[in-house]
Amino acid sequence: MIFKDGVTQKKEVGVIDWMSTLPPERQHAPLWDLAIPGSHDTMSYDLDINSAIIGPTILTKFGKIRWVRKIVKKWGTTQEVNVTEQLDAGVRFLDLRVAHKPDDPDPTRTYFYHGLYTVTDVESALRDINIWAENHSTEILILALSHFKGFNRTVHNHLISFIKGLFGQKLILKTDIPTLNRCWDLQRNVIVSYDADAEVRTHPELRGKIPYYYGDTMDPAKVKKQLSKDLKTAPSNKFFACGLNLTLPENASALKYILRWKSLFVVTLKNLPQLVMWVQRQAQITDLNIVASDFVTQANFISTIIQLNT
């Protein structure tokens, strides 16, 4: 048992190479027909307390005040373990929101962000992910890069070139219909979604945006209601993600949650079990593909999603 913010928690221990253990019929199914656990704002465990505040907008002008940055960090942190530990636990979809700092002397260096920038730059984290992919060749990773705050064409070109050079022959082309068996035969195990249409067109290694459905509220009942509605119209022949994450409003009403709860971790730990139970019921009604969550090692989230495949 571990204690954080005064709350008792029990971390889940995942099966590292779970894709290789799926029944044969699932190994022949397109990956968008599988249930795949993902992490929402994957890199937010690494937020930099000394960073400028990027959002919400109402707080950006208070970025020089440390206690304000501490609040942003507590509510912007959506994961408690690093990316390698997430992958070890069974996560296969990574939500990577990237930005270029306007005052960075390096014109192409990029970071992740969620309220604050991360300490770790994008290229360093991608190298760690690449090492994991090399050591777990049966596991297919889906990297969803998005937002691209502060990007220009030069930064895009540099990042795309780096991704293609780093992952190389591990990249699954967007023209492929990826099944586990096909990926294993090709010896490729990395899919990159790059949410910038103009950049994706000329790169066969990059797929476009993966739709991400979420409730956009702190109320778990409203999250479930919105997701139930959205999943009825989810695509049947391409990737889509369903996010269980609770979301603070971007106006002054966020203060009532900040004052009531110590952190996003505390309120998520209270509500994630019921959201995980909802996923089990929803899987009997509609198709599910990627299911993403905050604090993925909690509430048996990962093992529950994996078990939907069997």
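I'll start with helix H4, where the buried residues are Val122, Glu123, Ala125, Leu126, Ile129, Asn130, Trp132 and Ala133. Bear in mind that this is a predicted model. H4 runs over residues 122-135, so to speak of its length: 14 residues, with 20 Å from the first C-alpha to the last, close to the 20 Å expected at 1.5 Å a residue. At the start of H4, aspartate 121 places a side-chain oxygen within 3.1 Å of the backbone nitrogen of glutamate 123. That glutamate is one of the buried residues I just listed.

Now the pockets. The largest pocket has a volume of about 1,200 Å³. It is lined by 48 residues, and those closest to its centre are Asp41, Arg97, His114, Thr247 and Glu250. Which elements give two or more residues to this lining? They are helix H2 (66-76), strands E4 (93-99), E5 (111-114) and E7 (141-149), and helix H9 (254-260). H2 provides the largest share, with 6 residues. As for the character of the lining of the largest pocket, 27 residues are nonpolar, 13 polar and 8 charged.

On to the next one. The second largest pocket has a volume of about 250 Å³. Here 17 residues form the lining, and the closest to the centre are Asp33, Ala283, Thr286, Asp287 and Leu288. How does the lining of the second largest pocket divide into nonpolar, polar and charged residues? The split is 10 nonpolar, 3 polar and 4 charged.

That covers the helix and the two pockets.

Key. Residues are numbered from 1 along each chain as its sequence is written. This is a predicted model: local features need pLDDT of at least 70, side-chain atom pairs count only at pLDDT 80 or more; totals for chains, interfaces and linings use all residues. Side-chain values use heavy atoms; hydrogens and water are left out. On a 1 Å grid over the protein atoms alone, a cavity is a set of points where a 1.4 Å probe fits but cannot get out, and a pocket is an open set with protein on both sides within 12 Å along at least five of seven lines; lining residues have an atom within 4 Å of a point. Grid points are joined across faces, edges and corners, and a volume is the space filled by probe spheres set on the points. Helices (H or I, at least four residues) and strands (E, at least two) are DSSP runs, numbered from the N terminus. Ala, Val, Leu, Ile, Met, Phe, Trp, Tyr, Cys and Pro count as nonpolar, Asp, Glu, Lys and Arg as charged, and the others, Gly among them, as polar. Buried means under 20% relative accessible area, exposed over 50%, partly exposed in between (1.4 Å probe, protein chains only). A polar contact is a pair of N or O atoms within 3.5 Å; within protein, one must be able to donate a hydrogen and the other to accept it, and residues adjacent in sequence count only if both atoms are side-chain atoms.
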